[in-house]
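Here's a walk through a model you may want to have open on your screen as you read. We'll start at one residue, then work outwards to the contact between the chains.

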Protein chains: 2
Amino acid sequence: MEHLDDQERQEVWSTIEDALLNDHIDQFRAEFLELHPYDQARIFEGLDVDVRMQIYTYLSPEEVADVMEHIDYEEIEPFFTEMDPRFAAQVFAEMSTDDAVDILNELEKDKVASFLTIMDDEAAQEIKDLLHYEEKTAGSIMTTEFVVVKATMSIRQAMVHLRTEAPDAETIYYTYVIDEDKKLVGVISLRDLIISEEDWMIADVMNERVVSVSVGEDQEEVARMVRDYDFLALPVVDFQDHLLGIITVDDIMDVMEEEASDDYSKLAAISDVDSPDENAFASAKKRLPWLVILLFLGSLTASLIGRFESTLDVVPILAVFIPLIAGMAGNTGTQALAVAVRGIATGEIDKQGKTKMMFREAGTGLITGVSCGVIITFVVYFWQGNFFLGALVGLSILMTLIVATLAGSLVPLIMHRFNIDPAVASGPFITTINDIISILIYFGMATAFMNLLI
Amino acid sequence: MEHLDDQERQEVWSTIEDALLNDHIDQFRAEFLELHPYDQARIFEGLDVDVRMQIYTYLSPEEVADVMEHIDYEEIEPFFTEMDPRFAAQVFAEMSTDDAVDILNELEKDKVASFLTIMDDEAAQEIKDLLHYEEKTAGSIMTTEFVVVKATMSIRQAMVHLRTEAPDAETIYYTYVIDEDKKLVGVISLRDLIISEEDWMIADVMNERVVSVSVGEDQEEVARMVRDYDFLALPVVDFQDHLLGIITVDDIMDVMEEEASDDYSKLAAISDVDSPDENAFASAKKRLPWLVILLFLGSLTASLIGRFESTLDVVPILAVFIPLIAGMAGNTGTQALAVAVRGIATGEIDKQGKTKMMFREAGTGLITGVSCGVIITFVVYFWQGNFFLGALVGLSILMTLIVATLAGSLVPLIMHRFNIDPAVASGPFITTINDIISILIYFGMATAFMNLLI
């Protein structure tokens, strides 16, 4: 079977719908539960409220929990509002704690409090504990449904324990080993468990070099580790090495997607490129704040050119090359910015050293500047028949490209130094800064050599 | 244990180095093999060639294969060149076939042929089969080390089979079920295997709704499925549903990283932002081609302004607002482009419908255009004391934002329609197109209403 496309989902749905309409609970359950929760969620979110209400009575809280885990959390609020609050609380209790916490973070504070009050104490406490962790840290994405064994157990005992825990655990493919103080001392994969003899001891088989992350670690760093080490899960510990939770690879993929889309959005100067825009107002709301800031920065550039009005009065042809020069400054700056932002994100820049990088960028600016400068000098010369004008534009491009390339890499490095996410220095911002620099260079030189141009 | 940072790697290395210098093979092996292959690779790539040659004699081909799988494939060529060719061939034979193929794809064609000749026939054939698949398809990232069972086996038989296969399999957490024609008919997770009774039949426990991908499927689509369905591995089939290979989640993470960095690079108009630039020449080589193209496009913009030279002669103040208007067109175009490219990548746009999207973008352009237009009209009026100039700039911004927003989303949609990767329409290209549009609008209006401006 291929995964369901929209049409197949429609077909599956019409058979399920028949079952619902005719109150054939068993048939509905058989058909619906056969689907992967991801497809269940796609069908579910397309339904009318009265059909959804019917489904809440046909499915158990655990089955509804599976569906909810696959709904976009930003659009999940109405579903939990329409459910009976007691049912909703049970649904939360049945979810993986990390997913429950992610969803609760999207709901209103007092609604969250009321769910937690109805929920049984143990489940509520686990969720409360996780709600405390700061966003985008290891603690905020970990789950507490992991399997632990003692080093003194035999493989046979461990397997029995594992089989009991399997239905509730987020993953059973790694079992973590703790000592009497609940400190993490080892890990054993299910692969190693099943190829070991049943009477061996866990202590003899476990891997003592267990890689873990601290609960406050940045989620991007956690994702990088999981990717580098090809882990399926990673344990999260506090400063005393107590095992607090685990982060599984499916959550890591969501983090990677989130971080990539975040960087991409910022390069394009738009908040949150990925959540679908329902209408023009929602869409304008995300873009307008950036545009207005850029509008004022652009006015600054305009006022700067205004200061050279007397030069423009004498040599109006200068205006023709403004967008070319400003544009090239923006382009090279964006390139340098992208390299620096990615270099910081992958840790490559810390390895190479910042000074080395600045020298390299200066060199890159020089090479690209000389190349583009020479080309444009001849283009302008042949087009306008004025060698001095060509040389002026060419020299401006040369100097602009060097300075703009340096600016493009220096700004994110400085922001990184002051612990500001360098991706915030979005493309358009660097472009506007470089607009200003390039215009100062161009008109500065034009004013100085004006007598050659007339 | 935390993962190793550079300093810890240095410390670990110095103890390992002592063992090497004193020819203590056993001590070297004990210390080195204790490390995760990722860390082994980080240490290995920092060594001098004579130390590496020593290591090839101390480690088995299988152990070297583990190290090689964690080296950046673009920098791996010298290592395989310096090894004894017979040893290198054995290393390739011991690797996961997908990694071997990825690395061989980086080497010269005749070198690859010579390795394949030395290798034993079975391993060579498996690799040759995979080398045929087109880049960035499911076939090119799958591996052939998977575990299969027959539906007629008992759980006990399957577990015995699994234990035998475990050392070589890429993952044992999913076992695939095939019929007599080797067609994929089901899947069973190790979780389900270990909680089942030993005398049950595979046919009764397996999941018949096994999700698979076709061998020619785009790797980005494969990654999306693994992420949506939270799979640890996905089977790859041909058109007759024969099981050809599996794709594991660790490879999916690499695909996600590659695709994200690809989109990001293109938005910044730079080829391959992620491989570290060693020097200014390497760096300039990646950026210069784009810059030269953009230089010529910029000259086009310049020649366009040149056509309005007579207007500029009469009203030179017009030049002041060129970068502002062109800049705003570029900014809004980049925003619209980013939304469209991501929307196409996530499949969101196909779901919403393209017409709906174009109407939404037109609406967004109208809202942002009116807002920015009104603001700038007053800014220019108060600054220059000329209401008509303000109105001209404001009206140009309004029209520019509508057209540029539409262009930013229309261009990637058209490219998508013609099966061109829309991400190729990089930020700077859209910016240059929008520069031209905005200048036509601005100077067109200025020329038409010139008598109001003097």
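## A glutamine and its neighbours

B:Gln219 lies in helix 15 (residues 219–229) of chain B; helices here are DSSP runs of H or I with at least four residues, strands are runs of E with at least two, and both are numbered from the N terminus. This is a predicted model, so local features need pLDDT of at least 70 and side-chain atom pairs count only at pLDDT 80 or more, while totals for chains, interfaces and linings use all residues. Residues are numbered from 1 along each chain as its sequence is written, chains are lettered from A and ligands numbered from 1 in the order in which they are written, and side-chain values use heavy atoms, with hydrogens and water left out.

Is B:Gln219 buried or exposed? With 2% relative accessibility it's buried, a label that means under 20% relative accessible area, with exposed being over 50% and partly exposed in between (1.4 Å probe, protein chains only). Setting aside neighbours within four places in sequence, B:Gln219 is in contact with B:Lys136, B:Thr137, B:Ile141, B:Val255, B:Glu258 and B:Glu259. Contact means heavy atoms within 4.5 Å.

## Salt bridges inside chain B

Two of those neighbours, B:Lys136 and B:Glu258, pair up with each other in a salt bridge at 3.6 Å, N to O. (A salt bridge is a side-chain nitrogen of Lys or Arg within 4 Å of a carboxyl oxygen of Asp or Glu.) B:Lys136 sits in the loop between helix 10 (121–131) and helix 11 (138–141) of chain B, and B:Glu258 is in helix 16 (residues 249–267) of chain B, so the pair ties together parts that are 122 residues apart in sequence. Both ends are partly exposed: B:Lys136 has a relative accessible area of 32%, and B:Glu258 has 37%.

Another pair to look up is B:Arg42 with B:Glu45, whose side chains meet in a salt bridge at 2.8 Å, N to O. B:Arg42 is buried at 15% relative accessible area, whereas B:Glu45 is partly exposed at 30%. Over all chains, the whole structure has 22 salt bridges.

## Bridges across the chains

How many salt bridges run between chain A and chain B? The count is 6. In one of them, B:Glu361 meets A:Arg287, with the closest N and O atoms 2.8 Å apart. This pair crosses from helix 21 (residues 354–384) of chain B, home of B:Glu361, to helix 17 of chain A, where A:Arg287 sits. B:Glu361 and A:Arg287 are both buried. There's also a salt-bridge network here, linking A:Arg287, B:Arg360 and B:Glu361.

Swap the chain letters and you'll find A:Glu361 with B:Arg287, a salt bridge of 2.8 Å, N to O.

## The interface as a whole

The contact takes 125 residues from chain A and 124 residues from chain B. Together the two chains bury about 11,000 Å², 65% of it on carbon and sulfur atoms; buried area is the accessible area (1.4 Å probe) that two parts lose on being put together, summed over both. The interface also holds 25 residue pairs in polar contact, with both residues at pLDDT 80 or more. A polar contact is a pair of N or O atoms within 3.5 Å; within protein, one must be able to donate a hydrogen and the other to accept it, and residues adjacent in sequence count only if both atoms are side-chain atoms. On the side of chain A that touches chain B, helix 17 (residues 280–306) of chain A gives the most, with 19 residues.

How do the copies line up? A rotation of 180 degrees with 0.0 Å of shift along its axis superposes chain A on chain B, with an RMSD of 0.1 Å; the fit is by least squares on the C-alpha atoms of residues with pLDDT of at least 70 in both. The two copies are thus related as by a two-fold rotation axis. Of the interface residues of chain A, 99% are also interface residues in chain B, so the copies meet through the same surface.

## Two loop residues with positive phi

B:Lys182 isn't a glycine, yet has a positive phi of about 65 degrees. You'll find B:Lys182 in the loop between strand 2 (174–178) and strand 3 (184–189) of chain B, exposed at 57% relative accessibility.

B:Asp241 is another non-glycine with a positive phi, near 70 degrees. B:Asp241 lies in the loop between strand 5 (233–237) and strand 6 (243–248) of chain B and is partly exposed, at 32% relative accessible area.
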